[in-house]
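Student: I should like to request a close look at a single part of this model, taken residue by residue. Please begin with one position in a loop and follow its surroundings outward from there.

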Amino acid sequence: MKYLCTRYLKAIKEIERLGNTKTSLATPSVVSDFKEITKMRLALSVVFSSVAGYLLGVDTVNYKTLILLALGGYFMVGASNAFNQIIEKDLDALMHRTKNRPVPAGRLSVTSAFVIASVFTLLGIVILYTINKQTAMFGAISIFLYTCVYTPLKTKTPLAVFVGAIPGAIPFMLGWVAATDNFGIEPGTLFALQFFWQFPHFWAIGWFLYDDYKRGGFYMLPTGKQDKGTAVQVVMYTIWTIIISVLPVFGFTGTLHLSVVAAVVVFILGLVMLNYAIRLFKDMTVKAARVLMLVSVLYITLVQIVYVIDKFIR
């Protein structure tokens, strides 16, 4: 651990040094490079999901546990993203949206990025372990699947999205496990909701970034093309997401409940997302896919907020 920490500090200094040198590309600051290597916006959205899951599962909020969950979750996601960028550095260099990331742009060495990813992994697992063993276990599973299975499969098969949806769905569930130290129908439902949501979300991304992904050799769409087959699956998985999102109102999900009013709100949010999924099916355009992606992010955020608010006002 002492060795890794020393290497981590050296890596940070290297980011600072390289971040101040002039290159043919843009030269972001050490802060922006840190955001990029950990994909800060994605990591914060994962933390948000974990916190929402925790609030749904807990009877009395323990703020120490909540802070540990947020920190541990951020480290775990940051580690996954850093490992991902190490593995894909050569492919990232081929794509417009990723070629200026710290590793492919040469501002951060692979060794330094690896040290950062390793330290983040250790910190994340240790922090989550202080909450309970199951939380640490699911966090470790998430890193393994994302790094060792999902990332290599992205250039092999569209089924990579299915594999990637598993670690992507863990955070919402992880919060409940952190609160209860128990895995059952309740966190399973939260997992299923975020799992099915990811398909229309990532296929929308795969659609409007199709040409860029093609440069890197990534297969993100279920049929491999921007066609009706892909659009139909986007619509179908959106419908499945809506169905799962309202299940708690029927009393099938243990102690995870949803009032009728909240279920109606969640259902309406689902219909809005479905409308944009159908619009993609009709228009078959990059613009429609981009709008669907943005709407899907808003949808999952609002659904989680509605779930939490409904619990505390019932």
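Tutor: K39 lies in the loop between α2 and α3. The model is a predicted one, and within it K39 has a phi near 50°, a positive value in a residue that is not glycine. The two helices on either side are α2, residues 30-38, and α3, residues 40-57. K39 also has a place in the linings of two spaces, the largest cavity and the largest pocket.

The cavity may be taken first. Rolling a probe the size of a water molecule over the atoms shows where empty space is left. With a threshold of 30 Å³ or more, one cavity is counted, and the volume of the largest cavity is about 30 Å³. Its lining consists of K39, N84, E88, D92, M95, R97, T98, R101, K154, Y213 and F218. Sorted by class, this lining has six charged, three nonpolar and two polar residues.

Which charged residues of the lining are paired with one another? Side chains of opposite charge can pair when their charged atoms come close. Two such pairs can be described here. E88 and K154, both named in the lining, meet through their side chains in a salt bridge with an N to O distance of 3.1 Å. E88 is in the loop between α4 (63-87) and α5 (89-92), while K154 is in the loop between α7 (133-153) and α8 (160-180); the pair therefore ties together parts that are 66 residues apart in sequence. Both E88 and K154 are buried.

The second pair is D92 with R101, two further residues of the cavity lining; their side chains form a salt bridge at 3.2 Å, N to O. D92 counts as buried because its relative accessibility is 0%. R101 is buried as well, since its relative accessible area is 6%, which is under the 20% that sets the limit for a buried residue. This pair belongs to a wider arrangement, for E36, D92 and R101 are linked in a network of salt bridges. The structure holds six salt bridges.

One more salt bridge offers a contrast in setting. R215 pairs with D212, and the closest N and O atoms are 2.8 Å apart. Both residues are in helix α10, residues 210-216, and their separation of three residues is about one turn of the helix. D212 counts as buried at 6% relative accessibility, whereas R215, at 41%, counts as partly exposed. The cavity-lining residue Y213 falls within the residue range of this helix.

From K39 one may also turn to the largest pocket, which holds about 1,600 Å³ of space. It is lined by 50 residues, and K39, L42, S45, H201 and F202 are those that lie nearest its centre. The elements that contribute two or more residues to this lining are α2, α3, α4, α7, α8, α9 (185-208) and α13. Both helices that flank K39 are thus in that list. The lining divides into 26 nonpolar, 16 polar and eight charged residues.

Helix α13, one of the contributors to the pocket lining, is also prominent in a feature of the surface. F48, L298, L302, I305, I309, F312 and I313 form a nonpolar patch there, with about 640 Å² of accessible area together. Helix α13, residues 286-313, supplies six residues, the largest share of the patch. L298 is found in this helix, and L298 is exposed because its relative accessible area is 51%, the limit being over 50%.

A second residue shares the backbone feature with which this account began. D181 is not a glycine, yet its phi is positive, at about 55°. D181 is placed in the loop between α8 and α9, two helices that give residues to the pocket lining. With a relative accessible area of 41%, D181 is partly exposed.

In summary, K39 is a loop residue between α2 and α3 with a positive phi; K39 lines the largest cavity and is among the residues nearest the centre of the largest pocket.

Conventions: Residues numbered from 1 in each chain as written. Predicted model: local features only at pLDDT ≥ 70, side-chain atom pairs only at ≥ 80, totals over all residues. Heavy atoms only, no water. Patch = residues over 30% accessible without salt bridge, like charges linked within 9 Å, V, L, I, M, F, W, Y side chains within 5 Å. Areas by Shrake-Rupley, 256 points an atom, 1.4 Å probe, with all protein chains shown as cover. Salt bridge = Lys/Arg side-chain N within 4 Å of Asp/Glu carboxyl O. Helix = DSSP H or I, 4+ residues; strand = E, 2+ residues; numbered from the N terminus. Buried < 20%, exposed > 50% of the residue type's maximum accessible area, 1.4 Å probe, protein only. 1 Å grid on protein atoms, 1.4 Å probe; cavity = no way out; pocket = protein on both sides within 12 Å on 5 of 7 lines; lining within 4 Å. Points joined across faces, edges and corners; volume = space filled by probe spheres on them. Nonpolar A, V, L, I, M, F, W, Y, C, P; charged D, E, K, R; others polar.
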